[in-house]
Amino acid sequence: MALKDFHLKQKALQLKRFLMGSAGRKKREVTNAKKPSWMMPAVSHGYYTLEAFKSPAGYEESNSDFVVVQREQIEELELWFLGVFDARIGDRVAKYMQSHLFDKNPKESHVRAKSKETMRKAYLGARAKTRESTEDTHAVGSVSAMVIDGEKLVLANMGDYRAVVCRDGLAHQIGSRNNQSGKRHWSQRFFKGNAASTRQSKTSDLVVGAERVDPDTEFVILASSGIWEVMKNQEAVNLIKHIENPQAASECLAKEASNRMSRGSISCLVIRFD
């Protein structure tokens, strides 16, 4: 029995040395370790859409926003793609993501490394095609989120559509210098639109950002211009932060915007991490 215990201790010592290695190697081992599924936050969502009061100038077709909720399983990776898109953008971003990422059966490492760049290209391509079909592009907006294994959050917004993250009760927006807390820095990039006027250039900006989903990340609001023209980021967060059901939270935001006589497109999608 003593000899058996000796061999077990030797194996345990060898395993400890293997996991520790040098300081740099230890860091890589911890970073790349995959969390078991029970340690990952559950992702739930809900959305609510109201018809806008009037169509944008020069746009005669239906002006209802296009809402996307899609779940993909790539190897052991759970991937969510969710978004609210201007009717003129429609399903163009979603189709690009499908054909250039999801349908290619990528490796997990490729998804993690290329998700932000793929999102950027999807938006730029959709915006370019929209300009070919209509002259009124300054008001075109869209917003989307990609949740990778409940650990990484990739957000993109364009025009007056916006993504707001609630962390520990505080509102945070990619691309904003007026966040409630400065402790978190987004990995973000700005992509200017080639517009003819100052107003058009400003509202055509595309912002893509990414960050890790931490224990203090509570929920994300993806909403159209009709929400944000009548309420501020923190105001929207305060309104729904005590509503655990994301469907009820989305409906609450949309109806509040309507009650405040918002004249824009009113669509809201809430993603909650539990």
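Colleague: Happy to look at this together! In which loop is D168 found?

Modeller: Bear in mind that this is a predicted model. Phi of D168 is near 55°, a positive value in a residue other than glycine. At 56% relative accessibility, D168 counts as exposed, because the cut-off for that class is over 50%. As for its place in the chain, D168 sits in the loop between strand 6 (162–167) and strand 7 (170–173).

Colleague: E75 has a positive phi too. Is E75 buried, partly exposed or exposed?

Modeller: E75 lies in the loop between strand 2 and strand 3, and its phi is near 55°. Most residues other than glycine have a negative phi. The relative accessibility of E75 is 47%, and exposed would need over 50%, so E75 counts as partly exposed.

Colleague: Thanks! Now to the cysteines: how many disulfides does the structure hold?

Modeller: A disulfide is a covalent bond between the sulfur atoms of two cysteines. Take C252, whose closest cysteine sulfur is in C268: the two sulfurs are 9.2 Å apart, which is too far for a bond, since the cut-off is 2.5 Å. For the structure, the number of disulfides is zero.

Colleague: How exposed is C252, and how does C166 count?

Modeller: C252 has a relative accessible area of 26%, so C252 is partly exposed. C166 has 0% relative accessibility, and therefore C166 counts as buried.

Colleague: On to the rings. Is the pair of F85 and Y123 stacked, edge-to-face or tilted?

Modeller: The structure holds three aromatic pairs. In the pair of F85 and Y123, the ring centres are 6.3 Å apart and the planes are at 45°; that angle is neither under 30 degrees nor over 60, so the pair is tilted.

Colleague: How many residues apart in sequence are the parts that this pair ties together?

Modeller: F85 belongs to strand 3 (residues 77–85), while Y123 belongs to helix 4 (residues 108–133). Both rings are covered: F85 is buried at a relative accessible area of 0%, and Y123 is buried at 1%. F85 and Y123 also form one aromatic cluster with F81 and F102. Because one partner is in strand 3 and the other in helix 4, the pair ties together parts that are 38 residues apart in sequence.

Colleague: Which strands and which helix do the buried residues of helix 3 pack against?

Modeller: The buried residues of helix 3 (residues 92–100) are V93, A94 and M97. They cover an arc of only 100° around the axis, which puts them on the same side of helix 3. In an α-helix there are 3.6 residues a turn, so residues three or four places apart point the same way. The packing partners of these buried residues are strand 2 (66–74), strand 3, helix 4 and strand 4 (142–148).

Colleague: Which residue of strand 9 is the bridge partner of V154?

Modeller: Strand 9 (residues 206–212) is mostly covered, with six of its seven residues buried. Strand 5 (residues 152–158) runs antiparallel to strand 9, and seven bridges join them. The bridge partner of V154 in strand 9 is A210.

Colleague: One last thing: what share of the residues of the chain count as buried?

Modeller: The chain has eight helices and 11 strands. Among contacts between residues at least 6 apart in sequence, 69% join residues at least 24 apart. The chain exposes about 14,700 Å², with carbon and sulfur atoms supplying 50% of it. Of its 274 residues, the share that count as buried is 46%.

Terms used
Residues numbered from 1 in each chain as written. Predicted model: local features only at pLDDT ≥ 70, side-chain atom pairs only at ≥ 80, totals over all residues. Heavy atoms only, no water. Buried < 20%, exposed > 50% of the residue type's maximum accessible area, 1.4 Å probe, protein only. Phe/Tyr/Trp six-rings, centres within 6.5 Å; stacked < 30°, edge-to-face > 60°. Helix = DSSP H or I, 4+ residues; strand = E, 2+ residues; numbered from the N terminus. Arc of directions from axis to C-beta. Contact = heavy atoms within 4.5 Å. Pairing = 2+ DSSP bridges. Areas by Shrake-Rupley, 256 points an atom, 1.4 Å probe, with all protein chains shown as cover.
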